[in-house]
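Work through the exercises below with the sequence and the structure side by side. Try each task before reading its solution.

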Amino acid sequence: MKIKFLLTAILCSVVGFAQSVSLNDYKAVIIPLKYEFMKTDNQYRLATLSKQNLTKAGFEAFYANEQLPDGYTDRCQVLYMDVVKDNAFLVTKLFVQFKDCFGQVLYTSEVGRSKEKDYDLAYKESLDNAFKSVYALHYKYSGTPVATARTTSPAKAPAAAVAATTTVAATQIVAVTPSPDLKDPNLLYAQPTESGYQLIDKTPKVVMKLLKTSQPNVFIAIKDNVQGSLILKEDGQWYFESYQNDKLVSEKITVKF
């Protein structure tokens, strides 16, 4: 009975989240040049085909290496597209996912299938079929930007306050920091990974990788093959600290988690 109640509660919370987020609140979509199952950029023309399908579905779309025009200073106002390959025997199966800037999956398409033996034809047909469910969404930008704040700090909480976030598997401790200046050209956005986060710039390009530690305000950090630590100091700011030529170097990092 307890397990049934827990599953029902989880389902309700997931459905509630899905209903509260609309793709129509996002201004555009960012397309990676290479999906995880691809060996080279735009292999099988999948990046090109993705943009063509997105445009046909009514989205404004940009490649990940494009400089975004004015009006897109907040990377959390756009969606991030991913194409996932579902391994199957004698059939090519692909589906499309739209994620927010935190890596949260907001929408997953139906699976597109193809029995074509030629890879170029098979991937094109599979992607086109997956997009049929995307077309059915009848996307149209609402003009109302999506709310991007992931956590809300208490009114009088100190800069380095710690908030408890309960998950089904365990309780995770998340450091609450002041909201960064979204106009800061050096602002980095944190995207969750299995082991921590990756920080991307406005390109978007992965600038730093973070690995979780037992402390919520300390990460093992790797930047340009230099390993150090990303630490939340008492001033409420994050600093990347590493040793270079036996000298401790501290660099202020502006991050939006």
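Two residues are in contact when they have heavy atoms within 4.5 Å of each other. The model is a predicted one, in which local features need pLDDT of at least 70 and side-chain atom pairs count only at pLDDT 80 or more, while totals for chains, interfaces and linings use all residues. Residues are numbered from 1 along each chain as its sequence is written, and side-chain values use heavy atoms, with hydrogens and water left out.

**Exercise 1. Contacts of one residue**

Task: List the residues that Val-96 touches, not counting residues up to four places away in sequence.

Solution.
- Step 1. Earlier in the sequence, Val-96 touches Met-81, Asp-82 and Val-83.
- Step 2. Later in the sequence, the contacts of Val-96 are Tyr-107, Thr-108, Ser-109, Leu-127, Ala-130 and Phe-131.
- Step 3. Turn to one of these partners. Asp-82 lies in strand 3; helices (H or I, at least four residues) and strands (E, at least two) are DSSP runs, numbered from the N terminus.
- Step 4. Asp-82 has a relative accessible area of 19%, so it is buried. The classes are buried under 20%, exposed over 50% and partly exposed in between, with a 1.4 Å probe and protein chains only.
- Step 5. With residues up to four places away left out, Asp-82 touches Tyr-35, Phe-95, Val-96, Gln-97 and Lys-99.

**Exercise 2. The largest nonpolar core**

Task: Find which residues of the largest nonpolar core touch the most other members, and which elements give two or more residues to this core.

Solution.
- Step 1. A nonpolar core is a set of buried Ala, Val, Leu, Ile, Met, Phe, Trp, Tyr and Cys residues joined through side-chain atoms within 4.5 Å.
- Step 2. The largest core has 29 residues, and those touching the most other members are Leu-54, Phe-59, Leu-79, Met-81, Val-96, Phe-98 and Leu-127.
- Step 3. Two or more residues each come from strand 1, helix 2, strand 2, strand 3, strand 4, strand 5 (105-108) and helix 3.
- Step 4. Helix 3 gives the largest share, five residues.
- Step 5. In general, nonpolar side chains in soluble globular proteins tend to be buried together.

**Exercise 3. Helix 2 and its cover**

Task: Name the buried residues of helix 2 (residues 46-56) and elements that cover them.

Solution.
- Step 1. Buried in helix 2 are Leu-46, Ala-47, Thr-48, Leu-49, Ser-50, Asn-53 and Leu-54.
- Step 2. Their cover includes strand 1 (29-31), strand 2 (61-63), strand 3 (79-86), strand 4 (92-99) and helix 3 (119-135).
- Step 3. After helix 2 comes Gly-58, with a positive phi near 100°.

**Exercise 4. Salt bridges**

Task: State how many salt bridges there are by the rule, and describe three of the pairs.

Solution.
- Step 1. The rule asks for a side-chain nitrogen of Lys or Arg within 4 Å of a carboxyl oxygen of Asp or Glu. The count by this rule is six.
- Step 2. Lys-51 and Glu-66 form a salt bridge, with their closest N and O atoms 3.3 Å apart. Lys-51 is in helix 2 and Glu-66 is in the loop between strand 2 and strand 3, so the pair ties together parts 15 residues apart in sequence. Glu-66 is partly exposed, at 26% relative accessibility.
- Step 3. Lys-93 pairs with Asp-86, the closest N and O atoms being 3.7 Å apart. Lys-93 is buried, at 16%, whereas Asp-86 is partly exposed, at 29%.
- Step 4. Asp-128 and Lys-124 meet in a salt bridge at 2.8 Å, N to O. Because the two are four residues apart in helix 3, about one helical turn separates Asp-128 and Lys-124.

**Exercise 5. Where to read with care**

Task: Find the average pLDDT of the protein and two stretches that stay below 50.

Solution.
- Step 1. pLDDT is the predictor's confidence in each residue, from 0 to 100. The protein averages 79, and 78% of the residues score at least 70.
- Step 2. Residues 1-19 stay under 50 and have three contacts in the model beyond four places in sequence.
- Step 3. Residues 150-175 are also below 50, with 34 contacts in the model beyond near neighbours in sequence.
- Step 4. Where pLDDT is low, the predicted coordinates should not be read in detail.
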